[in-house]
Amino acid sequence: MLIGQGIDAHRFAPGRRLVLGGVTIPHDQGLAAHSDGDVVVHALCDALLGAAGLGDIGHHFPDTDAAYAGIDSRILLGRVMEALAERGLTVHNADLTIAAQQPKLAPHIAAMRQILAADLGCPPERVNVKATTTERMGFTGRGEGIAAFAVVLLEQS
Ligand code: MG
């Protein structure tokens with residue numbers, strides 16, 4: 001068993017689609033990023049890479065590389081999963097937390113679990129997604145952006 005954790009945060013920006021955990025969520029702004037800004041998938045990628053001892057997402061997919069401009073972050077997650085598979089690593093479970101004052105995420109949690117479980121190759125019951133506000137404190141609480149936290153457990157075959 002190998003454990004890993006990942007953290008990411010992105011700032012809100014007008015005129016962008018809000019994508020969290022692979023789900024497009026209706027909101028008046030999205031997250032600024034070189035990619036689609038899916039902060040949940042980025043934290044998850046970092047947790048997976050961390051558990052595997054493979055560095056971090058910025059090392060594998062630099063934001064200076066035009067190839068990743070506007071990219072669907074699930075494509076990056078797919079590449080991380082390929083790197084794990086090459087090493088005989090599979091996902092036992094993942095636990096994700098999203099810190100956002102707005103929008104309300106509860107209606108979208110089930111869809112995120114389905115999508116991420118498919119990408120991780122494990123049942124949705126093994127992919128927990130939680131959302132919390134930060135009681136209007138800090139950058140997420142002031143509505144400046146969204147943060148995500150991920151913990152994963154990998155099994156080596
Ligand atoms: Mg990011």
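**Figure 1. Val-80 and its surroundings in helix α3.** In this predicted model, Val-80 is located in helix α3, and with a relative accessible area of 2% it is buried, because values under 20% count as such. When neighbours within four places in sequence are set aside, the residues in contact with Val-80 are Cys-45, Leu-48, Leu-49 and Phe-61. The view also includes Leu-96, which lies 16 residues from Val-80 along the chain, and the C-alpha atoms of these two residues are separated by 17 Å.

**Figure 2. The packing of helices α3 and α4.** The two helices α3 and α4 pack at an angle of about 35 degrees, and their axes are 9 Å apart. On the side of α3 the contact is made by Arg-74, Leu-77 and Met-81, and on the side of α4 by Ile-115, Leu-116, Asp-119 and Leu-120. Sorted by character, the residues of this contact comprise five nonpolar and two charged ones, with no polar residue among them.

**Figure 3. Helix α4, its length and its cover.** Helix α4 runs over residues 109-120, and because a rise of 1.5 Å a residue predicts a span of 16 Å for its 12 residues, the separation of 16 Å between its end C-alpha atoms agrees with expectation. The buried residues of this helix are Ile-109, Met-112, Ile-115, Leu-116, Ala-117 and Leu-120. Their cover includes the strands β2 (18-20), β3 (23-25), β5 (89-99) and β6 (127-132), together with the helices α1 (39-52) and α3 (73-86). After α4 comes Gly-121, which has a positive phi, near 70 degrees.

**Figure 4. The largest nonpolar core, with Leu-120 in close-up.** In soluble globular proteins, nonpolar side chains tend to be buried together. Here the largest nonpolar core has 49 residues, and those with the most contacts inside it are Leu-20, Leu-48 and Leu-120. At least two residues of this core are supplied by each of β2, β3, α1, α3, β5, α4, β6 and β7 (145-156), and the largest share, 11 residues, comes from α1. Leaving out residues up to four places away in sequence, Leu-120 touches Leu-44, Leu-48, Leu-77, Met-81, Val-91, Ala-94 and Val-127.

**Figure 5. Helix α1 and the glycine that follows.** At 1.5 Å a residue, the 14 residues of α1 should span 20 Å, and the end C-alpha atoms of this helix are indeed 20 Å apart, so the model agrees with the expected length. The helix is mostly covered, as 13 of its 14 residues are buried. Gly-53 follows α1 and has a positive phi, near 70 degrees.

**Figure 6. The magnesium ion and its protein donors.** Three residues of the protein act as donors of the magnesium ion, namely Asp-8 through OD, His-10 through NE2 and His-42 through ND1, and they lie 2.0 to 2.2 Å from the ion. Along the chain these donors follow the spacing D-x1-H-x31-H. Asp-8 is buried, with a relative accessible area of 18%, and His-10 is likewise buried, with a relative accessible area of 16%.

**Figure 7. The loop between β5 and α4.** Pro-103 has its place in the loop between β5 and α4, and the peptide bond that leads from Gln-102 to Pro-103 is cis, with omega near -10 degrees. Lys-104 is found in the loop between β5 and α4 as well, and is exposed, with a relative accessible area of 69%. Although Lys-104 and His-27 are 77 residues apart along the chain, their C-alpha atoms are separated by 9.6 Å.

**Figure 8. Positive phi values in the loop between β6 and α5.** Most residues other than glycine have a negative phi, and most peptide bonds are trans. Glu-135, which is not a glycine, has a positive phi of about 55 degrees, and its place is in the loop between β6 and α5 (138-141). Arg-136, found in the loop between β6 and α5, is not a glycine either and has a positive phi of about 65 degrees. As for accessibility, Glu-135 counts as exposed because its relative value is 63%, where over 50% is required, and Arg-136 is exposed with a relative accessible area of 60%.

How values were computed
Residues are numbered from 1 along each chain as its sequence is written. This is a predicted model: local features need pLDDT of at least 70, side-chain atom pairs count only at pLDDT 80 or more; totals for chains, interfaces and linings use all residues. Side-chain values use heavy atoms; hydrogens and water are left out. Helices (H or I, at least four residues) and strands (E, at least two) are DSSP runs, numbered from the N terminus. The expected span of a helix is 1.5 Å times one less than its number of residues. Buried means under 20% relative accessible area, exposed over 50%, partly exposed in between (1.4 Å probe, protein chains only). Contact means heavy atoms within 4.5 Å. Donors are N, O and S atoms within 2.8 Å of the metal (3.2 Å for Na, K and Ca); water is not among the atoms, so sites may look incomplete. Axes are lines fitted to C-alpha atoms, for helices over the stretch in contact, and angles run from 0 to 180 degrees between N-to-C directions. Ala, Val, Leu, Ile, Met, Phe, Trp, Tyr, Cys and Pro count as nonpolar, Asp, Glu, Lys and Arg as charged, and the others, Gly among them, as polar. A nonpolar core is a set of buried Ala, Val, Leu, Ile, Met, Phe, Trp, Tyr and Cys residues joined through side-chain atoms within 4.5 Å.
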